[in-house]
Structure formats: C-alpha cells, structure tokens
Amino acid sequence: MTDRVVLLTGATSGLGQWLAPRLANAGMTVLLHGRDEAKVRAGVAAVRAAGGQAEGCVADLASLAECRRLAADVAARGD
C-alpha cells in the first residue's frame, strides 16, 4: 500500500492514535487530524519517530467552515 495517503480523523486519541503508526508502517503517508494542535504535533512526531511518514491537520469538524478549510488544505497537498 505504498504511495497511498490517508486522512485519519480523530488521530490524537483512541483508535485513531493506535491506527496512525500502523498505517504509516504499512507504507502510507498519514495525515493526522485532530482539534488540538499540540496533540496533532505529538502524534506526527510519534509516527515519524517510528519511521513513518505523517503530516498534521488541525480542524474542528463540528464547524462547517473548518471542514471546508480542512478539505481545501488536504486537496492542496496533492492527489
């Protein structure tokens, strides 16, 4: 599954936090999403420390405006 990019919402705790490094270890680039910027940065750092590729995305999905901004940000990163 190399050359795949996955947007993982809720990646700063629970199942998302558990899944992020596993997806990265499978060869995917993981876009870690969360509401708390510090937690997103920590998650990205943890995935990278384990040898995976990760980038962070901060947005509150309860806000339609932030959902749109997140979608635009992700689309701007490439295919």
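Helices and strands are here DSSP runs, numbered from the N terminus, where a helix has at least four residues and a strand at least two. The model is a predicted one, and the exercises below work through it element by element.

**Exercise 1. Place Arg 35 in the chain, decide whether Arg 35 is buried or exposed, and list what Arg 35 touches.**

Solution. Begin with the position: Arg 35 sits in the loop between S2 and H2. Next, consider the accessibility, for which the cut-off is that exposed means over 50% relative accessible area. Arg 35 has 66% relative accessibility and therefore counts as exposed. Then turn to the contacts: when residues up to four places away in sequence are not counted, Arg 35 touches Val 58, Ala 59 and Asp 60. Finally, take a distance across the chain: Arg 35 and Thr 12 are 23 residues apart in sequence, and their C-alpha atoms are separated by 8.5 Å.

**Exercise 2. Describe strand S2: its burial, the directions in which its residues point, and its pairing with S1.**

Solution. Start by counting: 6 of the 6 residues of S2 (29–34) are buried, so the strand is largely enclosed by the rest of the structure. Now sort these residues by direction, recalling that in a regular strand the side chains alternate between the two faces of the sheet. In S2, Thr 29, Leu 31 and His 33 point one way, while Val 30, Leu 32 and Gly 34 point the other way. For the pairing, look at strand S1, residues 5–8, which runs parallel to S2 and is joined to S2 over 4 bridges. One of the residues involved is Val 6, whose bridge partner in S2 is Val 30.

**Exercise 3. Work out whether Thr 29 and His 33 are buried or exposed, and compile the contacts of each.**

Solution. Both belong to strand S2, Thr 29 as well as His 33. The cut-off needed is that buried means under 20% relative accessible area. Thr 29, at 15% relative accessibility, therefore counts as buried, and His 33, with a relative accessible area of 5%, is buried as well. With neighbours up to four places away in sequence not counted, Thr 29 touches Arg 4, Val 5, Val 6, Gln 53 and Glu 55. Under that sequence limit, the contacts of His 33 include Leu 7, Leu 8, Thr 9, Val 40, Cys 57 and Leu 70.

**Exercise 4. Examine helix H1: find its buried face, what covers that face, and what lies opposite.**

Solution. First collect the buried residues of H1 (14–25), which are Gly 16, Ala 20, Leu 23 and Ala 24. Viewed down the helix axis, these buried residues fall within an arc of 90 degrees, so they line one face of H1. The cover over the buried residues of H1 includes S1, S2, H2 and S3. On the face of H1 turned away from the buried side stand the exposed residues Gly 14, Leu 15 and Asn 25. After the helix comes Gly 27, whose phi is positive, near 100 degrees.

**Exercise 5. Repeat the analysis for helix H2, and check its length and its two ends.**

Solution. Begin with the length: at 1.5 Å a residue, the 13 residues of H2 should span 18 Å, and the end C-alpha atoms are 18 Å apart, which agrees. The buried residues of H2 (37–49) are Val 40, Gly 43, Val 44 and Val 47. Seen down the axis of H2, the buried residues fall within an arc of 100 degrees, so they line one face of the helix. These buried residues pack against H1, S2 and strand S3 (53–58), whereas the face turned away from them carries the exposed residues Arg 41 and Ala 49. At the N-terminal end, Asp 36 caps H2, with a side-chain oxygen 2.9 Å from the backbone nitrogen of Ala 38. Just after H2, Gly 51 takes a positive phi of about 95 degrees.

**Exercise 6. Which residues form the largest nonpolar core, and which elements supply them?**

Solution. The core has 12 residues in all: Leu 8, Ala 11, Ala 20, Leu 23, Ala 24, Met 28, Val 30, Leu 32, Val 40, Val 44, Val 47 and Ala 54. Helix H1, strand S2 and helix H2 each supply at least two residues of this core. As a last step, follow Ala 24, which touches Val 30, Val 47, Gly 52 and Gln 53 when residues up to four places away in sequence are not counted.

Definitions and conventions
Residues numbered from 1 in each chain as written. Predicted model: local features only at pLDDT ≥ 70, side-chain atom pairs only at ≥ 80, totals over all residues. Heavy atoms only, no water. Core = buried A, V, L, I, M, F, W, Y, C linked by side-chain atoms within 4.5 Å. Buried < 20%, exposed > 50% of the residue type's maximum accessible area, 1.4 Å probe, protein only. Contact = heavy atoms within 4.5 Å. Expected span 1.5 Å × (residues − 1). Arc of directions from axis to C-beta. Polar contact = N/O pair within 3.5 Å; in protein donor to acceptor, adjacent residues only side chain to side chain. Pairing = 2+ DSSP bridges.
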